[in-house]
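The following note offers comments on the structure under review. The points are numbered for ease of reference.

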Amino acid sequence: MARPRRRELLGRIASFLAILAAIWLLPTLALAPVIVGGAWTLALVALLATPLPIYMLIRLRNSDWYPGKWFRLLVLRPFWYVQLCVLLLPIGALLGGAAGLLVGTVGAGARLGIILILLVFAAAALWGYLDSRRLRLVVTDAIFPDLPEELDGLRIVQLSDLHVGPHSSPSFMRKAARLACEAAPDMIAVTGDLVDDFDRDVEVYARYFADLAAPLGVWIVPGNHDVYANWPRMRERLTSLPQAVLVNEWVTLERGGTSFALTGTGDPAGNPWGPDTAAPRLDDSVDGIPGDMFTIALAHNPSLWPGLVKRGVHLTLSGHTHWGQFAVPGLRWSLAGVFLEHAMGAYREGRSMLYVSPGTNYWGVPFRLGAPPEVGVVILRRGEL
């Protein structure tokens with residue numbers, strides 16, 4: 001077994017290096033004639049920019065090392081900015097080279113294109129940072145013709161994709177907690193990606209959100225980053241908080257004398273064979289719910305919604321996509337929609353509704369364009385569609 005796995009790993013490394021070489025090909029052709037050392041210097045820059053840092057991070061990630069605030073701000077954040085920039089360099093070289101071809105200066109045109117793309121990237125990074133700080137309280141009505149009258153007006157505050165870590169802005173996190181409380185929720189749903197990849201980040205999450213409270217409770221489901229953070233250890237840390245975790249199980253809640261079901265799923269990133277699996281088991285998540293009971297599901301990844309629809313779930317609250325952190329809401333387009341069928345906002349199928357939050361925070365770099373962060377308030381309404 002070891003040899004096939006080694007071959008698979010080597011194949012992935014070879015594919016990664018081939019993709020990296022392809023990305024750097026056009027910038028190298030454009031810049032080599034005007035840089036000391038030419039292509040060799042650019043090859044060294046490419047090595048230092050991506051594969052070497054990734055290798056070091058993997059080695060550190062597999063240890064018990066816990067990165068603090070300044071490492072994340074001064075090392076990890078610049079690393080992600082560099083990766084985004086590297087992806088744009090060949091676009092600048094290609095467009096600039098094509099324009100230069102018209103006047104017979106392909107190389108000069110490609111170099112000018114690279115300079116212009118770097119300026120655009122810097123402007124977009126600044127704009128994206130400002131947008132990522134524009135936290136809003138967004139209210140969404142979830143209308144159901146057969147909603148029990150006693151559930152009409154039930155308010156669910158949704159926090160999603162908090163990605164909390166020691167580098168998180170204290171003022172931003174406190175504002176998110178304050179908005180959640182001021183929304184007067186009947187229930188609070190934290191729909192995954194609580195932390196920024198490390199189980200000890202739960203300590204920082206608790207610093208800002210441990211005091212959240214609502215009459216019907218505060219409920220948590222895992223997201224993919226919670227899985228990456230070592231979900232068993234993270235779940236153990238969460239037990240110290242006055243908040244409940246739902247993974248492939250459901251509970252009965254009551255409002256105005258009427259009962260409804262709340263279920264939580266695992267996440268597709270989870271290992272289905274692990275000792276404390278966070279992988280989704282949709283049958284388990286609804287097994288035993290009476291067919292006539294109104295059911296709300298918390299599922300971090302919206303790709304689980306079609307399966308929940310088939311199992312009779314009325315309302316599903318998801319996150320995960322961040323709306324790609326780059327969206328045009330007026331056109332209902334987001335970068336995440338390139339990869340996912342259900343990527344932003346509300347969707348309906350029959351008697352079922354899905355709401356995909358853009359997230360309360362960001363991941364990687366503080367960058368959002370057209371997809372500002374939100375604390376969501378989903379209000380159940382009885383009425384005609």
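1. The model is a predicted one. A suitable starting point is Gln325, which is located in the loop that runs between strand E9 (315-318) and strand E10 (327-328). Gln325 has a relative accessible area of 9%, and because the limit for a buried residue is under 20%, Gln325 is classed as buried. Setting aside neighbours within four places in sequence, the contacts of Gln325 are Tyr362, Trp363, Val365, Phe367, Arg368, Leu369 and Ala371.

2. Strand E9, which precedes that loop, is covered on both of its faces. Leu315 and Leu317 lie on one side, Thr316 and Ser318 lie on the other, and all of these residues are buried. As a general point, side chains in a regular strand alternate between the two faces of the sheet.

3. E9 belongs to an open sheet of six strands, arranged in the order E6-E7-E8-E9-E13-E12 with mixed pairing. The edges are occupied by strand E6 (249-255) and strand E12 (345-349); each has a single partner strand, and therefore one side of each lacks a neighbour in the sheet. On average, neighbouring strands of the sheet are turned by 20 degrees against each other, with direction ignored.

4. Both senses of pairing deserve an example. E6 and strand E7 (residues 258-264) are paired in the antiparallel sense over seven bridges, and Trp250 stands opposite Thr263 in E7. Strand E8 (residues 295-298), in turn, pairs with E9 in the parallel sense over three bridges. Here Ile296 stands opposite Leu315 in E9, and Leu315 is one of the buried residues of that strand.

5. The helices also merit comment. The axes of helix H4 (residues 69-101) and helix H5 (residues 106-132) come within 6 Å and cross at roughly 140 degrees. H4 is therefore oblique to H5, because only angles over 145 degrees count as roughly antiparallel. The crossing of H4 and H5 is right-handed.

6. Which residues make the contact between H4 and H5? From H4 the contributors are Tyr81, Leu84, Cys85, Leu88, Leu89, Gly92, Ala93, Gly96, Gly97, Gly100 and Leu101. From H5 they are Val106, Gly109, Ala110, Gly113, Ile114, Ile117, Leu118, Phe121 and Ala125. By class, the residues of this contact comprise 14 nonpolar, six polar and no charged.

Methods
Residues numbered from 1 in each chain as written. Predicted model: local features only at pLDDT ≥ 70, side-chain atom pairs only at ≥ 80, totals over all residues. Heavy atoms only, no water. Helix = DSSP H or I, 4+ residues; strand = E, 2+ residues; numbered from the N terminus. Buried < 20%, exposed > 50% of the residue type's maximum accessible area, 1.4 Å probe, protein only. Contact = heavy atoms within 4.5 Å. Axes fitted to C-alpha atoms, helices over the stretch in contact; angles between N-to-C directions. Parallel < 35°, antiparallel > 145°, perpendicular 65-115°, else oblique. Left-handed = near helix turned anticlockwise from the far one by under 90°. Nonpolar A, V, L, I, M, F, W, Y, C, P; charged D, E, K, R; others polar. Pairing = 2+ DSSP bridges.
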